[in-house]
Every structure is written in C-alpha cells, then in structure tokens.
Amino acid sequence: MTQRQRFEGRSIIVTGGGSGIGEAAAHAFAEEGGLVTLAELDPDKGQAVCDAILAKGGTARFVRTDATDEASVRAMVAEACAAHGPVRHAFNNVGGSKPGSLEGLSLDEWNWTMALSLTSCFLAMKHEIPVMKANGGGTIVNTASMSGRIFTPAAAPSYSAAKAGVIHLSHYASCAHARDNIRVNSVLPGLTATPLVAQMLTPEQQAEIASEHQMIPRAVQPAEVAATVLFLSSDEAAMITGRGIEVAGGGTHPG
Ligand SMILES: NC(=O)c1ccc[n+]([C@@H]2O[C@H](COP(=O)([O-])OP(=O)(O)OC[C@H]3O[C@@H](n4cnc5c(N)ncnc54)[C@H](O)[C@@H]3O)[C@@H](O)[C@H]2O)c1
C-alpha cells in the first residue's frame with residue numbers, strides 16, 4: 001500500500017512536539033509530507049525529534065517555544081511562516097497539571113495548570129488564526145482530555161476545568177471562524193502511554209485503570225491519538241468542526 005500524502009508541502013505547527021502525543025503527531029504529519037514546525041520548551045527533546053524526522057527524509061524545524069508566553073508564541077508562528085509558508089494546520093497540544101484537591105491546591109498551582117493547559121491554546125489560536133484567515137483558511141486541533149468531559153477522580157480540579165475550557169474554547173473558535181474556512185476541533189485522549197504517564201504509573205497500573213474505566217481495557221497509544229489528529233486536520237474531515245473527539249477506548253464515567 002502506498003503511503004498517503006495528505007499534508008504534502010503544507011506548513012504545520014505542533015506544540016509540545018518533543019514527547020508523547022505531540023512527538024507521535026509530528027512524525028505522522030512529516031511522514032505524510034507536512035513541513036513541521038516543532039514548538040517545544042525543552043531544546044534537547046525538540047531537537048531530537050526533529051533530527052529523527054530529518055533522518056527519515058521528512059521536513060521539521062525545532063523552534064524553542066514557551067507555549068504559555070505570548071511573545072514566544074507570536075515569534076514561533078512568525079518563524080513557522082517564514083520557514084515553511086503560511087501555517088495551514090496547527091496541533092496545539094501542550095498541557096499538564098500539578099496534582100491536588102479542591103481544598104489542597106494553592107492559587108499558584110491552579111494558575112500554573114490553567115496557563116499550561118488552557119491559556120496555551122488561547123495564545124496559539126490567537127496568533128495562528130490571523131495567518132489562516134489571510135491565506136484562505138486552515139485547521140486547528142487542540143488537545144483536551146477525557147478529564148474535561150467526565151469526572152476522573154485522579155485528575156486535579158484545575159486540570160479538569162482547564163481541559164473543559166479547551167473543549168469549549170475550540171467550539172467557540174469553530175463557530176467564530178467557520179466562515180473564514182477554519183475548522184477547529186479538540187481531541188480527548190484517555191489514559192495514554194506517554195513518558196509523562198510512564199513516570200507516574202507502571203504498565204500494570206495503566207492496564208488496571210484502563211480496564212476499570214474503558215470498554216477497551218488498555219491504555220491508548222500516542223500514535224492512536226496522532227492518527228485522529230491527522231484525520232481531523234485532513235481534507236477527509238472537511239465537514240467536521242467544533243467537535244471534541246474522544247480517543248479513549250470508549251471511556252465511561254467512573255463513579
Ligand atoms: N498522556 C495522557 O494520558 C494524556 C491524557 C489526556 C490528555 N493528555 C494531554 O495530551 C497532551 C500531551 O501530553 P503527553 O502525555 O504527550 O505529555 P508529554 O509530557 O509526553 O509531552 C509534553 C511535551 O510538552 C512540552 N512542554 C511542556 N511545557 C511546555 C511549554 N510551556 N511550552 C512548550 N512545550 C512545553 C514538554 O517538554 C513535552 O515535550 C497534554 O495536553 C496532556 O494534558 C495526555
């Protein structure tokens with residue numbers, strides 16, 4: 001079977017592309033001909049993923065970016081356009097959380113999670129949308145989480161609220177920019193076997209959680225989220241916008 005080339009020659013931004021879901025998506029976009037700007041805070045991780053893509057014959061460029069800082073995001077979008085042409089597709093994927101309960105979280109911890117998981121999507125879209133608008137349109141996928149849709153006891157309230165915000169902000173953007181030919185969707189991964197998760201849970205614990213909360217009793221693989229992101233970004237999904245798509249093995253309300 002020949003490899004599909006749905007993104008041939010198209011300028012693509014992936015934030016948090018140095019690890020996990022973002023890394024898988026960066027590889028997948030490049031394998032289908034995309035010109036990837038890998039926006040990542042950690043220079044070692046970002047450069048390593050770029051080098052791996054280049055070694056396979058793909059096109060990728062690392063731009064050190066703090067997705068929570070507006071000047072950094074503005075400069076990254078400008079650099080992506082200068083290097084690869086006007087941005088046509090964006091995968092705004094940065095996110096994360098400080099653990100804690102409603103009673104135990106400090107305001108700083110709450111704000112940190114909001115900045116990383118929600119403000120990062122706002123800043124990215126704020127600077128990507130004008131470029132897309134001026135160049136005939138584009139697509140955006142933001143990474144939310146099942147924690148933004150259902151109660152997941154292990155998630156901090158700040159993370160759940162931020163990811164619910166990502167789902168709604170994506171919906172808002174899809175409504176506001178549909179007539180600009182910009183589609184905006186979010187993906188809601190369930191427990192995904194990324195380095196972030198491996199630091200916290202053994203493979204056995206991951207399988208146990210998946211078995212308890214999902215119809216399909218195993219952790220999601222990063223490449224499975226990436227495949228959904230590519231579909232939503234591709235012309236095949238031309239009539240899909242404003243949706244939050246679960247990639248979670250049929251994840252269900254746990255309690
Ligand atoms: N892994 C899961 O189970 C899971 C489930 C649901 C949602 N998610 C979401 O998926 C996304 C990716 O998660 P992952 O598990 O692949 O994480 P990961 O830690 O493997 O990768 C995240 C990447 O983002 C980078 N990063 C961190 N802060 C940044 C910043 N300020 N600016 C730019 N880059 C930054 C990190 O260096 C890292 O390379 C996150 O939004 C996360 O909340 C993950």
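## Helix α3 and its surroundings

Helices here are DSSP runs of H or I with at least four residues, numbered from the N terminus. The model is predicted, and in it helix α3 is followed by G85, a residue whose phi is positive, near 95°. At the N-terminal end of α3, D69 acts as a cap, with a side-chain oxygen 3.3 Å from the backbone nitrogen of A71. The helix itself runs over residues 70-84, and its 15 residues should span 21 Å at 1.5 Å a residue, which agrees with the 21 Å that separates its end C-alpha atoms.

The buried residues of α3 are S72, V73, M76, V77, A80, C81 and H84. Seen down the helix axis, these buried residues fall within an arc of 170°, so they line one face of α3. What covers them includes the strands β1 (11-15), β2 (35-40), β3 (59-64) and β4 (87-92), together with helix α4 (107-134).

## Helix α1

For the twelve residues of α1, a rise of 1.5 Å a residue gives an expected span of 16 Å, and the end C-alpha atoms are 17 Å apart, which agrees. Ten of these twelve residues are buried, so α1 is largely enclosed by the rest of the structure. The buried residues are G20, I21, G22, A24, A25, A26, H27, A28, F29 and A30. Just after α1, G33 takes a positive phi of about 90°.

## The ligand and its shell

The ligand is surrounded by 30 residues, of which S19, E40, Y159, T192 and T194 are the closest. Among the polar contacts, a nitrogen atom of the ligand lies 3.3 Å from a backbone N or O atom of T65, and a nitrogen atom of the ligand is 3.0 Å from an N or O atom in the side chain of D66. An oxygen atom of the ligand is 2.8 Å from an N or O atom in the side chain of K163.

On its own the ligand has 830 Å² of accessible area, and the protein covers 91% of that area. The elements that give two or more residues to the shell around the ligand are α1 (20-31), α5 (157-177) and α6 (195-200). With three residues, α6 gives the most to this shell.

## Residues in and after helix α7

Which residues does Q206 contact beyond its neighbours within four places in sequence? Q206, which is placed in helix α7, is in contact with L191, A193, V197, A198, L201 and A219 when those neighbours are left aside. With a relative accessibility of 8%, Q206 counts as buried, because the cut-off for that class is under 20%.

I216 is found in the loop between α7 (203-213) and α8 (222-233), and at 48% relative accessibility it counts as partly exposed. When residues up to four places away in sequence are not counted, I216 touches A210 and G249. I216 and A161 are 55 residues apart in sequence, and their C-alpha atoms are 26 Å apart in space.

## A positive phi at N181

N181 lies in the loop between α5 and β6 (182-189). Its phi is near 65°, a positive value in a residue other than glycine. Most residues other than glycine have a negative phi.

Terms used: Residues are numbered from 1 along each chain as its sequence is written. This is a predicted model: local features need pLDDT of at least 70, side-chain atom pairs count only at pLDDT 80 or more; totals for chains, interfaces and linings use all residues. Side-chain values use heavy atoms; hydrogens and water are left out. The expected span of a helix is 1.5 Å times one less than its number of residues. Buried means under 20% relative accessible area, exposed over 50%, partly exposed in between (1.4 Å probe, protein chains only). The arc is that of the directions from the helix axis to the C-beta atoms. Contact means heavy atoms within 4.5 Å. A polar contact is a pair of N or O atoms within 3.5 Å; within protein, one must be able to donate a hydrogen and the other to accept it, and residues adjacent in sequence count only if both atoms are side-chain atoms. A residue is near a molecule or strand if one of its heavy atoms lies within 4 Å of it. Accessible areas come from the Shrake-Rupley method with a 1.4 Å probe; for residues, only the protein chains shown count as cover.
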